[in-house]
Amino acid sequence: MTKAVERKVMKVLAGETVFPPPVWLMRQAGRYLPEYRATRATAKGFLDLCYTPDLAVEVTLQPIRRFGFDAAILFSDILVIPDALDRNVRFVEGKGPLMDPITPDGIAALDGSGMHAHLAPVYETVRRLRAELPAETTLLGFCGAPWTVATYMIAGHGTPDQAPARLFAMQHPAAFETLLGLLAEMSADYLIAQIDAGADAVQIFDSWAGVLSERDFARFSIGPVKRMVDRIRAERPGVPVIGFAKGAGAQLEGYRAATGIECVGLDWTVPAKLGRQIQAGGAVQGNLDPLRMIAGGRALDEGVDEVLETYGDGPLIFNLGHGITPQADPENVTRLMERIRAAAKQ
């Protein structure tokens, strides 16, 4: 009889405590790795990198080979959904993502019927990753949350506080609700397709949740994510969902119950007392300050130890409180992994 493969991340997502905890890092495939930069240089552009399975598989596997993380996350971008909606998405060096700002009339004209054909290369990447990853490595799919994706579609670019999207929601409430509803349905379809291609679990990134008031957080962040989770739960029961509402602070306390997700991502600003209260209801993920990956040394060691001491006796997936930055030294990632794995021996 073949022995069942143990995927530690999946055990934690089911509510089990594993120590030392499994580890992966947001943006673990990225510009801090020289091998990523070399692969990136062969692509015509960032979206070409995302849509070319040979390249996307390679950059997804690079940090697994180098560090042995317990999960690989599909290499792609949250803006492939607006790209599938023909919003002229482009990535400009030094400026980040840009697209054509949308109007209420533009929202009414959106057509997502061609999404799966447009994103077929992404699904091919997922299929190949599941075949090439070590059996014990969890494969995570992902997408952006409707609110966060909508902020880019409305402004046409990132902004410090997403004021354009917040103002748009006040001035054009019906059109804004239509946009969120469309994005929720398309994003759920997208995640379900990733699951069918081989993703073991999925993460929803609500990177701009922290700019919302209590009322708007319930309407624009929780509501659409719940709609997505309900779809996934109905159509692919048993597949765990991680929700990362960055900057949401005290509003995270009821986030799991309100959305139906299995695991709550914690950014580095979440107080330990609140984080522990959230963990009492199930798995949490996080929440090392990404700057410690640049600082290294004692600052890194102290940060790792603090996360382990705070959350290590409950269901925890060790991660950063946001994505690793290009300035991080890969040797600091090696140090982080060694310190976490040595914790079981102390």
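A residue counts as partly exposed when its relative accessible area falls between the two other classes, buried (under 20%) and exposed (over 50%). Keep that scale in mind as you look at the views below, and remember that this is a predicted model.

**View A. The whole chain, with its 17 helices and nine strands.**
Let's start with the overall picture. The C-alpha atoms fill a box of roughly 60 × 45 × 45 Å along the principal axes. How does the radius of gyration fit a compact globule of 346 residues? Such a globule would have a value near 20 Å, and the chain has 19 Å, which agrees. Of the 346 residues, 57% count as buried. Contacts often link distant parts of the sequence: among those between residues at least 6 apart, 74% join residues at least 24 apart.

**View B. The surface and the charges of the chain.**
About 14,200 Å² of the chain is exposed, and carbon and sulfur atoms supply 52% of that area. The chain carries 35 positive and 41 negative side chains. If you mark the centre of each set, the two centres lie 2 Å apart.

**View C. Asn88, a residue with a positive phi.**
Asn88 sits in the loop between helix 5 (80-84) and strand 2 (90-92). Its phi is about 55 degrees, a positive value even though Asn88 is not a glycine. Most residues other than glycine have a negative phi. Is Asn88 buried, exposed or partly exposed? With a relative accessible area of 41%, which is neither under 20% nor over 50%, Asn88 is partly exposed.

**View D. The loop that holds Pro20 and Arg27.**
Two features share the loop between helix 1 (8-13) and helix 2 (34-40). One is the peptide bond joining Phe19 and Pro20, which is cis, with omega about -5 degrees. The other is Arg27, another residue that is not a glycine but has a positive phi, near 60 degrees. Arg27 has a relative accessible area of 52%, so it counts as exposed, the cut-off being over 50%.

**View E. A cis peptide bond in strand 8.**
Look for Asn287, which lies in strand 8 (283-288). The peptide bond that leads from Gly286 to Asn287 is cis, and its omega is near -15 degrees. Most peptide bonds are trans.

**View F. Glu93, out in the open.**
Glu93 belongs to the loop between strand 2 and strand 3 (96-98). Its relative accessibility is 73%, so Glu93 counts as exposed. How far from Glu93 is Asp105 in space? The two are 12 residues apart in sequence, and their C-alpha atoms are 30 Å apart.

**View G. Helix 11 and the glycine that follows.**
Helix 11 runs through residues 173-197, which makes 25 residues. From its first C-alpha to its last it reaches 36 Å, close to the 36 Å expected at 1.5 Å a residue. Gly198 comes after helix 11, and its phi is positive, near 135 degrees.

**View H. Helix 16 and what covers it.**
The 15 residues of helix 16 should span 21 Å at 1.5 Å a residue, and its end C-alpha atoms are 22 Å apart, which agrees. Its buried residues are Leu300, Asp301, Gly303, Val304, Val307, Leu308, Thr310 and Tyr311. What covers these buried residues? The cover includes helix 14 (272-279), strand 8, helix 15 (292-295), strand 9 (316-320) and helix 17.

**View I. Thr310 within helix 16.**
Zoom in on Thr310, in the helix made of residues 297-311. Its relative accessibility is 17%, which is under 20%, so Thr310 counts as buried. Leaving out residues up to four places away in sequence, Thr310 touches Ala272, Arg276 and Gln279.

**View J. Val333, buried in helix 17.**
Val333 has its place in helix 17, which spans residues 330-342. Why is Val333 called buried? Its relative accessible area is 0%, so it falls under the 20% limit. Apart from its neighbours within four places in sequence, Val333 is in contact with Leu25, Tyr32, Phe67, Phe69, Met293 and Ile324. Try finding Val23 as well: Val333 and Val23 are 310 residues apart in sequence, while their C-alpha atoms are 11 Å apart in space.

Conventions:
Residues are numbered from 1 along each chain as its sequence is written. This is a predicted model: local features need pLDDT of at least 70, side-chain atom pairs count only at pLDDT 80 or more; totals for chains, interfaces and linings use all residues. Side-chain values use heavy atoms; hydrogens and water are left out. Helices (H or I, at least four residues) and strands (E, at least two) are DSSP runs, numbered from the N terminus. Buried means under 20% relative accessible area, exposed over 50%, partly exposed in between (1.4 Å probe, protein chains only). Contact means heavy atoms within 4.5 Å. The radius of gyration is taken over C-alpha atoms; the globule rule is 2.2 Å times the number of residues to the power 0.38. Accessible areas come from the Shrake-Rupley method with a 1.4 Å probe; for residues, only the protein chains shown count as cover. Lys and Arg count as positive and Asp and Glu as negative; His and the chain ends are not counted. The place of a charge is taken as NZ of Lys, CZ of Arg, CG of Asp or CD of Glu. The expected span of a helix is 1.5 Å times one less than its number of residues.
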